[in-house]
Amino acid sequence: MAWSFPDPEACHAWGERLGEILTLPAMIFLEGDLGVGKTTLARGVLRGFGVGGRVKSPSYTLIETYSTARGPALHLDLYRLSDGEELEFLGIRDYLGEAALWLIEWPERGGGFLPEPDLRLRLSITSPGHHRLDALLATERAASWLMALPGGDGDGD
């Protein structure tokens, strides 16, 4: 399935809607080039999931954790990792033990240390200001989340 967004606000709003319907546990990989809108999308998902207040980018801290009424939410940005093994030093195994919402930017940099995702969301810029989101499903639960969202073209192209 694929969606097109005319601006970052539309991408954020889509993410917020996804966050509202997610069920735990949820492992979501956010993929795409630098500056394509992964953090904007993550902020929307976190807001919809119930994270109030400021949603910080984990660009330098690598991980931000949030407590919500629906359960824990974790936002990781692995861009600065030089080796996936560094996740061990962050205590990744401790976090993996509980049902949570996981939003992981640059998941390929954590190779070998992350479980398979429920959903891969790939963002790209199609023209200045316009974004495309391609959703690649790994679980039936993820399919049910996406089917509840309006506007997908359904063909993945």
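## Strand β5 and its neighbours

In this predicted model, strands β4 and β5 run parallel to each other and are joined over 5 bridges. One residue pair in this register is Asp77 with Glu105, the latter being the bridge partner in β5. β5 also pairs with β2, again in the parallel sense and over 5 bridges. Here Phe29 has Ile104 of β5 as its bridge partner.

β5 is mostly covered, with 5 of its 5 residues buried. The cover extends to both faces of the strand. Leu101, Leu103 and Glu105 are buried on one side, and Trp102 and Ile104 are buried on the other.

## The sheet as a whole

These strands belong to an open sheet of 7 strands with mixed pairing. The strand order is β1-β7-β6-β2-β5-β4-β3. The edge positions are taken by β1 (2-5) and β3 (63-68); each has a single partner strand, so one side of each is left without a neighbour in the sheet. From one strand to the next, the twist averages 20°.

An antiparallel pairing is found between β3 and β4, over 6 bridges. Within it, Tyr66 has Ala73 of β4 as its bridge partner.

## Helix α5 on the sheet

Helix α5, residues 140-147, lies across four strands: β1, β2 (26-31), β6 (119-127) and β7 (130-137). The helix runs at about 145° to β7.

## Packing of α1 and α2

Two packed helices are described by the angle between their axes and the distance between the axes. For helix α1 (residues 8-21) and helix α2 (residues 38-49), the axes come within 6 Å and cross at roughly 40°. The crossing is right-handed.

On the α1 side, the contact is made by Pro8, Cys11, His12, Trp14, Gly15, Glu16, Leu18, Gly19 and Glu20. On the α2 side, the contributing residues are Thr40, Leu41, Arg43, Gly44, Val45, Arg47, Gly48 and Phe49. By class, the contact of α1 with α2 has 7 nonpolar, 6 polar and 4 charged residues.

## Aromatic pairs

A search of the whole structure gives 3 aromatic pairs. One of them joins Phe5 and Trp14, with ring centres 6.1 Å apart and 55° between the planes, a tilted arrangement. Phe5 counts as buried at 4% relative accessibility, and Trp14 is buried as well, with a relative accessible area of 6%. Phe5 and Trp14 form one aromatic cluster together with Trp3. Trp14 is also one of the α1 residues in the contact with α2.

The rings of Tyr79 and Trp106 form another tilted pair, with centres 4.9 Å apart and planes at 55°. Tyr79 lies in the loop between β4 and α3, while Trp106 lies in the loop between β5 (101-105) and β6, so the pair ties together parts that are 27 residues apart in sequence. Tyr79 counts as partly exposed, at 31% relative accessibility, whereas Trp106 is buried, with a relative accessible area of 12%.

## The loop between β4 and α3

Asp83 is located in the loop between β4 (71-77) and α3 (86-89), the loop that also holds Tyr79. Asp83 has a relative accessible area of 39% and is partly exposed. From C-alpha to C-alpha, Asp83 and Gly112 are 9.9 Å apart in space, with a sequence separation of 29 residues.

Methods: Residues numbered from 1 in each chain as written. Predicted model: local features only at pLDDT ≥ 70, side-chain atom pairs only at ≥ 80, totals over all residues. Heavy atoms only, no water. Axes fitted to C-alpha atoms, helices over the stretch in contact; angles between N-to-C directions. Helix = DSSP H or I, 4+ residues; strand = E, 2+ residues; numbered from the N terminus. Left-handed = near helix turned anticlockwise from the far one by under 90°. Contact = heavy atoms within 4.5 Å. Nonpolar A, V, L, I, M, F, W, Y, C, P; charged D, E, K, R; others polar. Buried < 20%, exposed > 50% of the residue type's maximum accessible area, 1.4 Å probe, protein only. Pairing = 2+ DSSP bridges. Phe/Tyr/Trp six-rings, centres within 6.5 Å; stacked < 30°, edge-to-face > 60°.
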